[in-house]
Every structure is written in C-alpha cells, then in structure tokens.
Amino acid sequence: MMSLFSKSENLVGLDIGSHSVKLLQMSSSNDALKLVNLGVAPLSRECFVEGRLAKPEVVAEAIRMLASHLRIKSKSVAVSISGYDVMIKKIELPTMTEDELAARMHSELGQYIPYNIEEVDVDYQVIDVSKNRPNFMDVMLVAAKKESVADFNNLLKLAGLEPLVVDVDFFALSNCFEAACGFGDERVALIDFGANKSLLNIAHKGMPIFTRSISVGGNQLTDAIKECFNISFEEAESVKLGQSEQKYPTKELEDIFVSTVGAWVKQCQRALDFFYHNFPDDKIGSIYLSGGSCLIPGLDTVLREHLDIPVEIFNPFSGIHPDAKLFDTAYVNHVGPQMAISFGLALRKSREK
Ligand SMILES: Nc1ncnc2c1ncn2[C@@H]1O[C@H](COP(=O)(O)OP(=O)(O)OP(=O)(O)O)[C@@H](O)[C@H]1O
Ligand SMILES: [Mg+2]
C-alpha cells in the first residue's frame, strides 16, 4: 500500500526495440501527466538477429549515449520483455488468501506452464473475481525464459542501469492506452507494428483478454525493397521512408507496399479470427495502431476496409500537450505512435512492486 505522504517518482521508461531504443520520462501529479524527456536512438541491423540480441555492447552504448544526450541522470528504469519471450496465461482458481495462493503456485505451477519450471521465471497476479464463477478468481501467470531474462539483465548492466520494474510489452501497451485515452465499455484491439515483430493486445476495461505476437514488421518491407532494387538495407530504408535522393520506379515500389501490407492485414485477420473463435460473444469496437510501422502509408486504411472495424493511429501524446517551449511538438507527435510502449513503461513508479 502506498503511503499518503510518500513521494513516488515515475521511472524512466526504456523500450529496447530492434530498430531503435526509446527513452521516455514523465511526471504525474494529481493524475495529470507531463512529458519530461523523450528520445529515440537508432540501432544498426546487426544488433538483433532473428529477434535475439546479438550485440549487447553496441545496444548498451546506444542506450548510454541517448541517456547522456537527454541528460537523464536516473539509473532506475522500467523495461519490458518482449511478448515473444514470455507466455501469458489466465487461470481460474478458488478464492484464497495471498499466502495460500503463493503456496499453491509453488506446488502446482508445473501443471499450468508447458515448460520445464527450472527454465522459466514466473510471476503472477490476481486480476479479478471470475466473471462466471463468483467463488473463483482470475489469476494472470507470466512465464519468461530464464535465458532471455539473463540476456536482458546483462544488457542493462552493461548500460549501467537498474531495472526496477520489468514489465511485458503487451501490458505496457495497454497501460499506455489506458492512461492516454482511457478504456470505455468496448473491447479495443491495440496493434503495435514494429520493425521485427508486432503485438496484438485485445483489452477490455484495461485488462488484456487476448495477447498474441504477430510475425510481421517494417523490416520485411525494407528487405523487399532491398531485394527488388538490389540496394543496401540502409538505402532501402530511406526509400521506404521517402527520404532517398535517388528515384526508383514508382510502380514496383507500389507493388511491394501493396503486397506487404496485404500480407500483414491477412495475419491480423487470422489473429482476430482466432480471438473471435475463442470469445464468440466479444465484439471488438475499435483498433488502435502504434509502433513505427503503423505509419506506413495506407496501412490503416487497408486494415479498416478489410476488417470493417474503425481503425485509428494512436498517438499517446495527443491528450498531453507537451510544453512547446521545451519540445518540438511536431516531432513529439510524429514519434508518438512509436513511443507507445516506452510511454506505458514511463507510467510505472519506483515504489510499486
Ligand atoms: N513514417 C514511417 N513510415 C513507414 N515506416 C516507418 C515510419 N517510421 C518508422 N517506420 C518503421 O518503423 C519501424 C520501427 O518501428 P519501432 O521503433 O516501433 O520498432 P522497434 O520497436 O525498434 O522494433 P521491434 O519492436 O520490432 O523490435 C522500422 O521498420 C521503420 O522503418
Ligand atoms: Mg517495438
């Protein structure tokens, strides 16, 4: 329980993506959020190989440089593990005390987790009373591979940082949405399109009801451009962003965009079908897109047309109105969708568990 008189500070949110590292600092007083600091540092392609951290020293250096550039002094950060490295499961258990639950978890964990218990770190949290069974409660289990957690801790140590909160990116995403927009009554699908991976989190009143990693991301588009024109990854990336000095045939480029976006929409459709199959009574009211790749021109429109659900690009800063004397607000709003996960992490406080 938080003491009335204790002052708990927001932690620095650190989102370590494969394309870039994001740092975000906020303050909250009387429930009003204020942007304190924000920055993005690009990473080279070799830093992550097939989703795994391959160059911890390089990434650590990028984090240190970014923090020093932003003059961030605090070493305490909130970070998140990727959904690829964790298993999230909701179970129903009879209502019991915290001690009873701890004992039960200790003895029965193996039956809930399809891994060797020795190889995973497990955390759990009681979420609510079960919807259909009043004497039962919903418990959220999160199991992360020890190997991935160790990689991660090693990286943060190299960067000289102390992770006071280790979250899961899915949860950071819905916490961000809750703080920035607030959940109404409808079910909302949050989709974060990154460089290597994308996340889908279907949430209801702030609680994730369905989470899934979707194996699509902006690098696929860059790779397709690279192959088509036989150019470097860097050049292909600037062609994708419309920043290349050189001109490439528009028709071919358009075809690449259309086929990549089409494949992504199909993957999203498949994930939503799976959700509807398991939760036939739950209707998704709106879809909100974040992550750098949600800015691919036309992606939101194609999704909207194909899925027949309202789709919006989600900029968590739109309601916060960053101080124009301190920030280039056009820049902040432009990178806003890409900062969603770091935003969710920057909401965490130093005093909470
Ligand atoms: N305006 C834009 N249009 C199209 N793509 C963009 C735009 N801005 C950024 N991107 C793409 O977004 C991706 C980076 O997004 P993001 O920062 O969310 O990824 P990441 O978190 O580093 O990666 P991941 O989470 O997949 O490991 C890159 O592929 C980049 O090319
Ligand atoms: Mg990301």
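Me: Which residue is the bridge partner of alanine 189 in E14?
Reply: In E14, isoleucine 287 is the bridge partner of alanine 189. This is a predicted model, in which local features need pLDDT of at least 70 and side-chain atom pairs count only at pLDDT 80 or more, while totals for chains, interfaces and linings use all residues. Residues are numbered from 1 along each chain as its sequence is written, and chains are lettered from A and ligands numbered from 1 in the order in which they are written.

Me: What makes strand E11 and strand E14 a pair?
Reply: Strands pair if DSSP finds at least two bridges between them, and strand E11 (residues 187-193) is joined to strand E14 (residues 284-290) by six bridges, so the requirement is met. The two run parallel. Strands here are DSSP runs of E with at least two residues, helices are runs of H or I with at least four, and both are numbered from the N terminus. Helix H4 packs on the sheet and touches E11, E12, E13 and E14, where contact means C-beta atoms, placed from the backbone, within 7 Å. The direction of H4 makes about 55° with that of E12, on a scale from 0 to 180 degrees between N-to-C directions, with axes fitted to C-alpha atoms and, for helices, over the stretch in contact.

Me: How do you know that E12 and E13 form a hairpin?
Reply: Strand E12 (residues 198-204) and strand E13 (residues 207-214) pair in the antiparallel sense over seven bridges, and two residues lie between them. Within this pairing, leucine 200 has arginine 212 of E13 as its bridge partner, and in the turn lysine 205 has a positive phi of about 50°.

Me: Why do E13 and strand E15 stand at the edges?
Reply: The open sheet has five strands in the order E13-E12-E11-E14-E15, with mixed pairing. E13 and strand E15 (311-313) each have a single partner strand, so one side of each is left without a neighbour in the sheet. From one strand to the next, the twist averages 20°.

Me: What makes E9 a partner of both E7 and E8?
Reply: Strand E9 (residues 136-145) pairs in the antiparallel sense with strand E7 (residues 86-94) over nine bridges, and E9 also pairs in the antiparallel sense with strand E8 (residues 120-129) over nine bridges. Alanine 143 in E9 stands opposite methionine 87 and also opposite valine 122. E8 and E9 form a hairpin with six residues between them.

Me: What makes a residue part of the shell around ligand 1?
Reply: Its C-beta atom, placed from the backbone, has to lie within 6 Å, and 20 residues surround ligand 1, with Gly17, His19, Gly194, Gly218 and Gly292 the closest. Helix H5 (218-229) and helix H6 (233-240) are the elements that give two or more residues to this shell. By class, the shell holds four nonpolar, 13 polar and three charged residues; Ala, Val, Leu, Ile, Met, Phe, Trp, Tyr, Cys and Pro count as nonpolar, Asp, Glu, Lys and Arg as charged, and the others, Gly among them, as polar.

Me: What separates domain 1 and domain 2?
Reply: Their centres, taken over C-alpha atoms, are separated by 22 Å, with the bounds coming from an automatic or database domain assignment. The contact takes 21 residues from domain 1 and 26 residues from domain 2. On the side of domain 1 that touches domain 2, helix H4 (169-180) and helix H10 (340-346) give two or more residues, and H4 provides the largest share, seven residues.

Definitions and conventions
Two residues are in contact if their C-beta atoms, placed from the backbone, lie within 7 Å.
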